Amino acid sequence: METGPATARQWTFLTNHARVLVQIARDPGIRVRDIAAQCLLTERAVQRIISDLEEAGYLTHERRGRANHYSVIAGKQLRHPADAGPTVAELLAVLLR
């Protein structure tokens with residue numbers, strides 16, 4: 001039987017998608033590089049997550065000069081059926097305290 005820290009299961013309460021969304025909600029003009037640093041992810045992973053969030057309708061962006069400016073779609077309901085009811089705005093209100 002395996003025991004000890006090397007075999008301990010690791011998990012967290014928030015997904016990487018939630019972490020990225022929180023960073024964007026805090027600063028809509030944040031750079032992918034800065035999101036990656038804050039979330040301890042690669043820039044490529046952050047780009048994929050942003051793409052996922054945009055495709056699912058939780059986020060939009062527009063170019064402003066050389067930078068992106070993001071907008072969170074606050075009224076969008078959470079994705080998983082078990083989470084039905086609350087909106088993104090309600091989730092972010094708790095996470096941004």
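Leaving out neighbours within four places in sequence, Gln23 is in contact with Ile30, Ile35, Gln38 and Cys39. That is a handy way into this predicted model, whose protein chain holds 4 helices and 2 strands. Gln23 itself belongs to helix H1 and is buried, at a relative accessible area of 10%. From there, this briefing moves through the chain, two of its helices, a loop and a pocket.

**The chain as a whole**

- Read from the N terminus, the elements come in the order α-α-α-β-β-α.
- The C-alpha trace spans about 55 × 35 × 25 Å along its principal axes.
- The protein chain has 97 residues, and 24% of them are buried.
- Among contacts with a separation of 6 or more, 35% join residues that are 24 or more positions apart.

**Helix H2 and the residue after it**

- Val32, Ile35, Ala36 and Cys39 are the residues to look at in H2 if you want its buried side, as each of them is buried.
- These residues sit on the same side of H2 because the arc they cover around the axis is only 100 degrees.
- On the other side of H2 you will find Ala37 and Gln38, which are exposed.
- Two of the H2 residues in contact with Gln23, namely Ile35 and Cys39, are on the buried list of H2, whereas Gln38, also in contact with Gln23, is exposed.
- The cover over the buried residues of H2 includes H1, H3 and S2.
- Just after H2 comes Leu40, with a positive phi of about 60 degrees, although Leu40 is not a glycine.
- Leu40 lies in the loop between H2 and H3, and its relative accessible area of 76% makes it exposed.

**Helix H3**

- Helix H3 takes in residues 43-55, 13 residues in total, and reaches 18 Å from its first C-alpha to its last, close to the 18 Å expected at 1.5 Å a residue.
- Its buried residues are Ala45, Val46, Ile49, Ile50 and Leu53.
- They share one side of H3, because they cover an arc of only 135 degrees around the axis.
- A general point helps in reading such a pattern: an α-helix has 3.6 residues a turn, so residues three or four places apart point the same way.
- Arg44 and Glu55 are exposed residues on the face of H3 turned away from its buried side.
- The packing partners of the buried residues of H3 are helix H1 (16-26), helix H2 (32-39), strand S1 (59-64) and strand S2 (67-72).
- After H3 comes Gly57, whose phi is positive, near 85 degrees.

**The loop between S2 and H4**

- Pro86 is found in the loop between S2 and H4, and Thr87 lies in that loop too.
- Is Thr87 buried or exposed? Thr87 is buried, because its relative accessible area is 17% and the cut-off for buried is under 20%.
- Pro86, by contrast, counts as partly exposed, at 35% relative accessibility.
- Setting aside neighbours within four places in sequence, Thr87 is in contact with Ala74, Gly75, Lys76, Gln77 and Leu78.
- With the same neighbours-in-sequence rule, Pro86 is in contact with Gln77 and Leu78.
- Pro86 and Phe13 are 73 residues apart along the chain, and their C-alpha atoms are separated by 17 Å.

**The largest pocket**

- The largest pocket has a volume of about 450 Å³.
- Which of its 17 lining residues are the closest to the centre? They are Thr15, His17, Leu78, Arg79 and Leu91.
- One of these, Leu78, is also in contact with both Pro86 and Thr87.
- H1, H3 and helix H4 (88-95) each supply at least two residues of the lining.
- By class, the lining has 11 nonpolar, 3 polar and 3 charged residues.

Key: Residues are numbered from 1 along each chain as its sequence is written. This is a predicted model: local features need pLDDT of at least 70, side-chain atom pairs count only at pLDDT 80 or more; totals for chains, interfaces and linings use all residues. Side-chain values use heavy atoms; hydrogens and water are left out. The expected span of a helix is 1.5 Å times one less than its number of residues. Buried means under 20% relative accessible area, exposed over 50%, partly exposed in between (1.4 Å probe, protein chains only). The arc is that of the directions from the helix axis to the C-beta atoms. Contact means heavy atoms within 4.5 Å. On a 1 Å grid over the protein atoms alone, a cavity is a set of points where a 1.4 Å probe fits but cannot get out, and a pocket is an open set with protein on both sides within 12 Å along at least five of seven lines; lining residues have an atom within 4 Å of a point. Grid points are joined across faces, edges and corners, and a volume is the space filled by probe spheres set on the points. Ala, Val, Leu, Ile, Met, Phe, Trp, Tyr, Cys and Pro count as nonpolar, Asp, Glu, Lys and Arg as charged, and the others, Gly among them, as polar.
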